[in-house]
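Dear colleague,

I am handing over the structure we spoke about, and my notes on it follow below. Please read them with the model open beside you.

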Amino acid sequence: MKNYANIEDFPIETIEALLDSASMLKKIKFNNLLKNKTMVGLFFNPSTRTRTSFDLAMSQQGGHFISLEPGSKSWGIDFEENMVMDGENEEHLKDAINVLSRYSDCIGVRCFPGFLDWDYDRKDMVLQNILKWSSVPIINMETISHPCQALAMLLTMKEKFNNLKKKKFVLSWSYHPKPLNTAVGNSALIAASMAGMDVTVVNPPYYDLDEKYINIAKDFVVKNGGTVTQSNNQDEGLAAADFVYVKSWGSLKQYGNFKKEEQAKYKDWTITSAKMSLTNNGYISHCLPIRRNLIATDEVLDSENSLIYEEAENRLHVQKAILNYLLGVS
Ligand code: CP
């Protein structure tokens, strides 16, 4: 049984096949490939794009999507194995996944980390347990990685450059008043390195991504060409960039002990037109939702080089390709 848990689980040939499939599906909106198939989306956190695009990816292919929000419209769920369930929640993840596996053909899960202890969260235990307990394919809809977003980002870049090898990809941290998940940054870094791009990650001191992801990316560029560098100098990093991916994430060094004033020191990391002028007339994108004029200015986000809506649309097309691959209909 196949799952779509992390983008790095797949050889680049499979990722390229998924991108080709997504491009083809983009041209023909409706088909019946998923007739009588059902996906359950388990949302422990809010979503606009992921929920809507998976629903449409199923329904436009003749299938059906059921969205559950544990603790809101379905029972609250406990995660810890062997725990005594004497708290608020009525259901254990093991039981929910076993039952949903019997009802459906595929389960998607969105479950952000707890933001208390990175040593614990980096194990991605909720996703690992779901993979263990499910008898149907699992799709990671964002835990500590966001592989669906990364695939949409790759498709968006390929539509502009075709060949991504040696194109300069800059993952730029940006200020946000809350300590956000590193998931999008982790997967974007890996996806760009899988494609053999020259990847630069720019972030302030103390905002480095987990070394695990940097090392996975470095291993990929050895195999697939390209480079991975890290810098604390945003202007130097942006120089001659072909593609800028801006994203905020919280400091792993202050994980569970967020110091708002620390992050506020870097409010000037907002991507502006002046900063984009350092690039090679580069494109810019972001996963959305985005705080305008904080992460990037209106002028940048509404410019001709902004691909935010193209990438959001491509979520739909790549997810159709993922579903068809997992459910054996492509
Ligand atoms: N980019 C993304 O996953 O969007 P949502 O949080 O709206 O699903």
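**Two backbone features**

P289 is placed in the loop between β11 (283-285) and α12 (298-301). Please keep in mind throughout that this is a predicted model. The peptide bond that leads from L288 into P289 is cis, and its omega is near 5°. A second backbone feature concerns N36, which lies in the loop between α1 (12-27) and β1 (38-43) and has a positive phi of about 70°, although this residue is not a glycine. Both features are worth noting because most residues other than glycine have a negative phi, and most peptide bonds are trans.

**The ligand and its surroundings**

L288, which precedes the cis bond to P289, also belongs to the residues around the ligand. The full set around the ligand consists of S47, T48, R49, T50, R110, H146, Q149, C287, L288 and R315. With T48 the contact runs through the backbone, a polar atom of which is 2.8 Å from an oxygen atom of the ligand. With H146 it is an N or O atom of the side chain that is found 2.9 Å from a ligand oxygen, and for R315 an N or O atom of the side chain is 3.2 Å from an oxygen atom of the ligand. Taken alone, the ligand exposes 250 Å², of which the protein buries 93%.

**The packing of α7 and α8**

How do the two helices α7 and α8 lie relative to each other, and at what angle do they pack? Helix α7 (residues 183-194) packs against helix α8 (residues 211-224) at an angle of about 10°, with the two axes 8 Å apart; since angles under 35 degrees count as roughly parallel, α7 and α8 are therefore roughly parallel to each other. On the α7 side the contact is made by N186, L189, I190, S193 and M194, and on the α8 side by Y213, I214, I216, A217, F220, V221 and N224. Of the residues in this contact of α7 with α8, nine are nonpolar and three are polar, while none is charged.

With best wishes

Methods. Residues numbered from 1 in each chain as written. Predicted model: local features only at pLDDT ≥ 70, side-chain atom pairs only at ≥ 80, totals over all residues. Heavy atoms only, no water. Axes fitted to C-alpha atoms, helices over the stretch in contact; angles between N-to-C directions. Helix = DSSP H or I, 4+ residues; strand = E, 2+ residues; numbered from the N terminus. Parallel < 35°, antiparallel > 145°, perpendicular 65-115°, else oblique. Contact = heavy atoms within 4.5 Å. Nonpolar A, V, L, I, M, F, W, Y, C, P; charged D, E, K, R; others polar. Near = heavy atom within 4 Å. Polar contact = N/O pair within 3.5 Å; in protein donor to acceptor, adjacent residues only side chain to side chain. Areas by Shrake-Rupley, 256 points an atom, 1.4 Å probe, with all protein chains shown as cover.
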